[in-house]
Structures are given as C-alpha cells and as structure tokens.
Amino acid sequence: MIGMAVKIGNSYVTEAAMAYAQSRADEKSNGVLNDLSKEFKDVNFSVGTQPFGGTGTNNISIAPNILRQMADAPEKKLEYEALIYDCNNTLKNSANRPGLKAQGVIIGSDGGLRGWSISQSGEKTFSKDEKARLAGRLPEKELTKASTDKADAEIQKLKNKKAQLEQKISSTQNPDADLQKQLAQIENELRQKDNDTWRRQHTKFSTGIDITI
C-alpha cells in the first residue's frame with residue numbers, strides 16, 4: 001500500500017518518501033550541530049526557538065530550518081558560522097554581569113537574533129509559576145530582538161551625505177576636486193558598512209527576558 005500523497009512545494013509524494021526525506025534532513029542538521037559543537041567547544045548548542053532554556057552563560061539555540069540551510073548550502077554555513085562566532089564573543093563579554101545566572105541567544109527561523117537572560121539579586125522563595133518559567137516553559141513576555149538601529153542610522157547618515165554631495169556636483173559645471181574626493185571617501189565607507197556582515201558586527205544585544213530572582 002502506497003499511502004496518502006503529501007505535497008512538498010509543487011510536488012506530491014508518498015508518506016514514506018516524505019518520512020525518508022525528513023529523516024535525511026534531520027541527519028544533516030544533526031551533523032551540522034555536531035560540527036558546531038566541536039568548533040565552539042564552550043557553547044551549549046540546542047535546536048529550536050524556545051524563549052529561554054539551558055544553564056550557564058553561553059547558550060545558543062538554532063531554528064531547525066536554519067540548520068537545514070547550513071547543511072544544504074556552503075554559503076549559508078559560512079554566514080551563520082560567522083554570526084555564531086560574533087554571538088559567542090558577545091555572550092562571553094557579558095558573562096560577568098553582576099547577578100547573571102544564565103543567558104543565551106536564539107537564531108530564529110527568519111535568521112534574526114533574540115537574546116535572553118536570567119539574573120539573581122538576593123534570596124527568594126519561588127512560587128509554582130516562577131519555577132515553571134525558570135524550567136524553560138514559555139513565558140508570557142515577548143522577547144526583544146538584537147538591535148541594529150545604531151548601525152542603520154550611521155549608514156543612512158552616510159547615504160544622506162552622499163546624496164547631498166552628488167547634488168552639489170551635478171549642479172556645478174566644473175565640480176570642485178575636493179567635493180569629488182569627499183564623495184569617493186563616502187562611497188568607500190558605504191561599501192565597507194552597508195552590508196549584513198558589518199551590521200551584525202555592530203549589533204546591540206538587549207535582554208529579551210530578564211527575570212530577577
């Protein structure tokens with residue numbers, strides 16, 4: 001018996017074929033996760049997008065579809081390994097924050113970053129609900145993504161200045177050499193900064209969940 005047909009993209013396949021493809025995808029994802037664990041020995045990796053979980057101050061959770069992308073495309077593997085490298089350094093730099101109990105970063109299904117942390121100040125008796133939240137169950141509070149606002153503002157400022165210089169140059173029959181030089185410098189700076197790599201390097205992490213216990 002072949003079983004029901006299942007749609008994948010624009011194709012219909014058998015349930016058995018679907019199960020086989022999923023198992024192969026899971027194998028590849030596990031292989032990527034194992035490679036990452038060997039490369040970044042001090043990081044606690046996990047699969048999924050649960051708001052927070054794990055112990056220690058260096059947790060990184062990766063959405064399943066991102067792991068599959070890394071397994072299937074070398075350029076995606078390179079991109080996210082570089083992102084993980086930066087996340088690892090950021091977590092290390094904030095690990096000595098007073099009262100910090102645990103923290104981590106989530107690479108979501110959209111490739112975006114979200115941060116979480118649990119801090120401690122003094123002693124307290126936990127209620128049943130607080131224990132459930134600390135055990136890693138979903139809290140009601142919404143997580144805040146890492147911010148690139150400052151980097152974006154700097155890039156926009158350069159773009160505005162570039163537009164102003166171009167307007168001055170185009171409105172002059174014999175453009176001043178100094179204006180041409182300024183324009184070339186700004187264009188060079190934009191080439192260095194107007195890209196995802198530079199934005200990620202200048203990402204400002206904010207605590208999406210900060211539970212004081």
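A salt bridge here is a side-chain nitrogen of Lys or Arg within 4 Å of a carboxyl oxygen of Asp or Glu. The legends below describe a predicted model, in which local features need pLDDT of at least 70 and side-chain atom pairs count only at pLDDT 80 or more, while totals for chains, interfaces and linings use all residues. Residues are numbered from 1 along each chain as its sequence is written, and side-chain values use heavy atoms, with hydrogens and water left out.

**View 1. Glu79 and Lys76 form a salt bridge in helix 3**. The N to O distance between the two side chains is 3.5 Å. Helix 3 spans residues 74-93; helices (H or I, at least four residues) and strands (E, at least two) are DSSP runs, numbered from the N terminus. Glu79 and Lys76 are 3 residues apart, which separates them by about one helical turn. An α-helix has 3.6 residues a turn, so residues three or four places apart point the same way. Glu79 is partly exposed at 25% relative accessibility, and Lys76 is partly exposed at 28%. For these labels, buried means under 20% relative accessible area, exposed over 50%, and partly exposed in between (1.4 Å probe, protein chains only).

**View 2. Lys77 and Glu81 make a salt bridge in helix 3**. Here the N to O distance is 2.7 Å. The two residues sit 4 apart in the helix, about one turn. Lys77 has a relative accessible area of 26% and is partly exposed; Glu81, at 25%, is partly exposed too.

**View 3. Asp194 and Lys159 meet in a salt bridge**. Their side chains come to 3.4 Å, N to O. Asp194 belongs to the loop between helix 6 (177-193) and helix 7 (196-201), and Lys159 to helix 5 (residues 149-170), so this pair ties together parts that are 35 residues apart in sequence. Asp194 is partly exposed, at 31% relative accessibility, as is Lys159 at 35%.

**View 4. Glu154, Glu189 and Lys193 belong to one salt-bridge network**. Salt bridges that share partners join these three residues. If you would like to set this view in context, a search of the whole structure finds 7 salt bridges.

**View 5. Helix 2 has three buried residues, Ile66, Leu67 and Met70**. The helix covers residues 64-72. Its buried residues span an arc of only 100° around the axis, which puts them on the same side of helix 2. That arc is taken from the directions from the helix axis to the C-beta atoms.
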